[in-house]
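Trainee: I would like to take a close look at a single part of this model, and then see how that part fits into what surrounds it. Could you take me through it slowly, one step after another?

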Amino acid sequence: MSDPRPGQRFTFDEPPTPAEDASLQAARAYLPTQASDPYTAADDHDSPALDAAIKPPRKRRWGLMAVLGGTLGLGTIEAAQSLYISTLGGDWLAGAWSLVGLLAVGLGAKALCRELWRLRKLRRHARLRQQLDDEWVGGEAATDSNPMTLADELRSQMGLSKDHPHWQSFLHAHQTHHTAQETRELIAHYLLHPRDQAARRLVTRMSGETAVMVAVSPLTLVDMALMAWRNIAMLDRIAALYGLQLGYASRLRLFREVLRNMAFAGASEMVSDAGMDLLSMNLAAKLSTRAGQGLGAGLLTARLGLRAMRTTRPVAFERDEQPKLADLRREVWQQLRRLDDSAEKR
Amino acid sequence: MRRQLTHEFQNLIDRGRDRQLRLAVTGLSRAGKTAFLTSLVNQLRHAGIDARLDLLKSAREERLLGAQRVSQPDLGIPRFPYDEAMTSLEASPPQWPEPTRGISELRLQLRYKTRRARGLLGDTATLTLDLIDYPGEWLLDLPLLEHDFLSWSEAQLKGMGPARQQYAQAWQDAVAKHSADETVEESRLAELAAHYADSLRQAREAGFSHLQPGRFLLPGELQGAPVLQFFPLPGVGEDDRQALEALPASSLYQVLKKRFRFYQQHVVKPFYREYFRRFDRQIVLVDVLGALNAGPERFEDLSQALATLMRSFNYGKRSLMNRLFSPRIDRLAIAATKADHVTPDQHANLVTLLESLLAEPIKDLRFANVPVRAFSLASIRATEPREVESDGKRQAALRGHGLDGEPLLVYPGDVPAKLPEPEFWRRQGFAFTPFRPAPAGPEALPHIRMDAALEWLMGDKLR
């Protein structure tokens, strides 16, 4: 074990240069010990390699990429060539067709690029989340990453400006001696809590809407379409609240993530909730089959929404702050009841 | 009488509804109990206005409305001298509050908005917080209750390290002239006891903390009474018990034993019964930096003192029945005080060191399933964290004023994460600079992590 560094006294005039301060010179003698002091804990840099070794190999679909890229590239070349030949030959119709082809290729490429870009953003978000979780929750506050830089990254990702009141009140509350864990608590309260509430309101509203729509829609096919549409829209908006812009692929990926979460991680929760859900659905079904169906769809949407909140929130919820389905159930049910009542009156 | 009864009844109702909390602020002398209590009252008085209590959930959610000092239940005990402490902090130059010389009590009433409306009860609630301040020296008498005179004598003399021995040597030589069975004159006894008290005082000056009996250091109203004229008898052990018990009542051993018993029964026990039995929560304050400054033997001594001390409290889960009739401590905070005397990046080490200092009691607490959390704490922050450019490196530093008023900009040195070898003290040692408090204004006192400690100790009652 290396010795702890001794104290050091500084003079008050601006940056004290080592030449004028004798005590600083004395401190220099300890430089070898400084190399391994707690400031520069340099030994956790090999963990990425270890992680990479443990993780399952990442699948890169090189073949698909090559075919896709090749098709796009060759299509471009062919269209350009035929455009060139047709302008030489004066065949305007063929030229116009190849122009349209070029345009289509360009649009496709642009869409692909955008998707890739957004996917990258999703990945970065996931990484930030991982960092926040690992370093803040694990207590092992890595000394080389300042919690404030992570906080700032989060701020810019959530689209808050530097003088947004939430960020300002966070800065006001934060003090230099706060540990990573404490900083995380403050971030959760000052930056994320307002968004949580907005997201909750959104989930309540949209699941209520879905419930009503499914209840009044006449066809199963329409039900399915409605569910898909509302759910994806909700996912988008929740992600946007937490600072994520979703493209098609990233949305799919998130959707898959959420579904997987619901299927595996949430299994126990489902068991406890499902009983209650079934009960209330039965109750509703006794009143009216439609309402029962609607309630089921609404609750499913609500659960998906809550899961999406948990998946996209940059800092994981504290155990007692996690939004629960039980809170939403009543609201959905009330919305349906209103509908039922007004239908009866008619 | 009737008033007394209604008062007791009200207390019982409050305890039954879990609206009353007795917080034990435990710490040896100079651990910072008075500063903690002063800051606690100050922060809670200023809560919701200008106190920075962001880690206290109810304050962060703007539900804590504030606190008031109310008249305490026992009118026979002095009130905690909050105003005097504030006066000395607000003086120019500011000074730390005077060390405590006697027991004082404080009752605070906290008002807060509940998280959910409680129907007819409205949405505000109150919590009564009872606090006691006392000299830390007396606290070390509590472990005395486990001993009789013989085992105490043995334990006292066996536990001494070489450095501690050095202060007791002169007294031991004086006692060695007498044997356990001879009759010693009253005046000679008083002389020897005074000598013993003197050796304790010297050891305290040198930084030791495990010193018994505590009243010898701070006699209070017992100054000069024969009950304070006893001392451990060297050279006796468990093997001699039968022979010693058979000695006549006038023998040195019997006289000392009688006085020891009297001390136990009439000084320590009432103190324990009145003030230390009924606690719900506890915070143990430890001056880790002071112990580091003082050296390895004193560090070990402090660790032992705290371990024996914490055996005197009742720990365990609470239920309605024992909340009413035999309260137990169901949650505990341990805090390394004076955290403002090191730079913020050293706080993690300070906490680790504190945990290793209290390793034994923590194991027992885990066994009793009582949650414990360690904090680095500064009840009243005396310094400001700064950064200094030195040798082309950014270097953390502290800015404040020394005890003599000299402005300082220092890096106080590293805090080790575990106790270094004794050899290290001979080579380098620690020299954490003491600071005087920053000038206090009308706003709340600056602090480090008081809010986190409060959240841990009573956050669950402020919902």
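Trainee: How many of the residues of β1(B) are buried?

Mentor: Before we begin, please keep in mind that this is a predicted model. In β1(B), eight of its eight residues are buried, and the strand is therefore described as mostly covered, a residue counting as buried if 20 or more other C-beta atoms lie within 10 Å of its own. If you follow the side chains along the strand, you will find that B:Gln20, B:Arg22, B:Ala24 and B:Thr26 point one way, while B:Leu21, B:Leu23, B:Val25 and B:Gly27 point the other way, and the residues of both sets are all buried. For comparison with the whole chain, buried residues make up 42% of the 463 residues in chain B.

Now look at what lies beside the strand. β1(B), which covers residues 20-27, pairs with β5(B), residues 281-286, in the parallel sense over five bridges, and within this pairing the bridge partner of B:Val25 is B:Ile283. With β4(B), β1(B) also runs parallel, and here four bridges join the two strands; in this pairing B:Arg22 stands opposite B:Asp130.

These pairings belong to an open sheet of seven strands in chain B, whose order is β2-β3-β4-β1-β5-β6-β7 and whose pairing is mixed. The edge strands of this sheet are β2 (64-70) and β7 (372-376) of chain B, each of which pairs on one side only. From one strand to the next, the twist averages 25 degrees. Helix α2 of chain B, residues 33-46, packs on the sheet and touches β1, β2, β3, β4 and β5 of chain B, and its direction makes about 125 degrees with that of β2(B).

Between β1 and α2 of chain B there is a loop, and B:Arg30 lies in it. This residue has a positive phi of about 65 degrees although it is not a glycine, and with 19 C-beta neighbours inside 10 Å it counts as partly exposed. It helps to know the general background here: most residues other than glycine have a negative phi, and most peptide bonds are trans. A second residue with a positive phi is B:Asn369, for which the angle is about 60 degrees, although this residue is not a glycine either. B:Asn369 lies in the loop between α15 (359-367) and β7 of chain B, and it is exposed, because it has 10 other C-beta atoms within 10 Å.

The cis peptide bonds can be read against that same background. One of them joins B:Ser92 and B:Pro93, with omega about 0 degrees, and B:Pro93 lies in the loop between α4 (82-90) and β3 of chain B. Another cis bond runs from B:Gln212 to B:Pro213, with omega near -5 degrees, and B:Pro213 lies in the loop between α8 (186-205) and α9 (241-245) of chain B.

Let us now step back to the chain as a whole. Its secondary structure comes to 17 helices and eleven strands. The domain assignment of chain B gives domain 1, made of 2-139 + 277-383 + 440-461, and domain 2, made of 142-272. The centres of these two domains of chain B, taken over C-alpha atoms, are separated by 33 Å, and the contact takes 19 residues from domain 1 and 16 residues from domain 2. On the domain 1 side of this contact, α12(B) gives the most, with eight residues.

The C-alpha atoms of chain B fill a box of roughly 70 × 70 × 45 Å along the principal axes. A compact globule with 463 residues would have a radius of gyration near 23 Å, and the 24 Å of chain B agrees with this. Of the contacts in chain B with a separation of 6 or more, 77% are between residues 24 or more positions apart.

Finally, consider the neighbouring chain. In chain A, 22 residues are in contact with 28 residues of chain B, and α8(A) gives the most to that side of chain A, with four residues. A strand pairing also crosses between the chains: β1(A) and β10(B), residues 407-411, pair in the antiparallel sense over three bridges, and A:Phe10 stands opposite B:Leu409 in β10(B).

Technical notes
Residues numbered from 1 in each chain as written. Chains lettered and ligands numbered in written order. Predicted model: local features only at pLDDT ≥ 70, side-chain atom pairs only at ≥ 80, totals over all residues. Contact = placed C-beta atoms within 7 Å. Pairing = 2+ DSSP bridges. Axes fitted to C-alpha atoms, helices over the stretch in contact; angles between N-to-C directions. Rg over C-alpha atoms; globule rule 2.2 N^0.38 Å. Buried ≥ 20, exposed ≤ 12 C-beta atoms within 10 Å, placed from the backbone. Domains from an automatic or database assignment.
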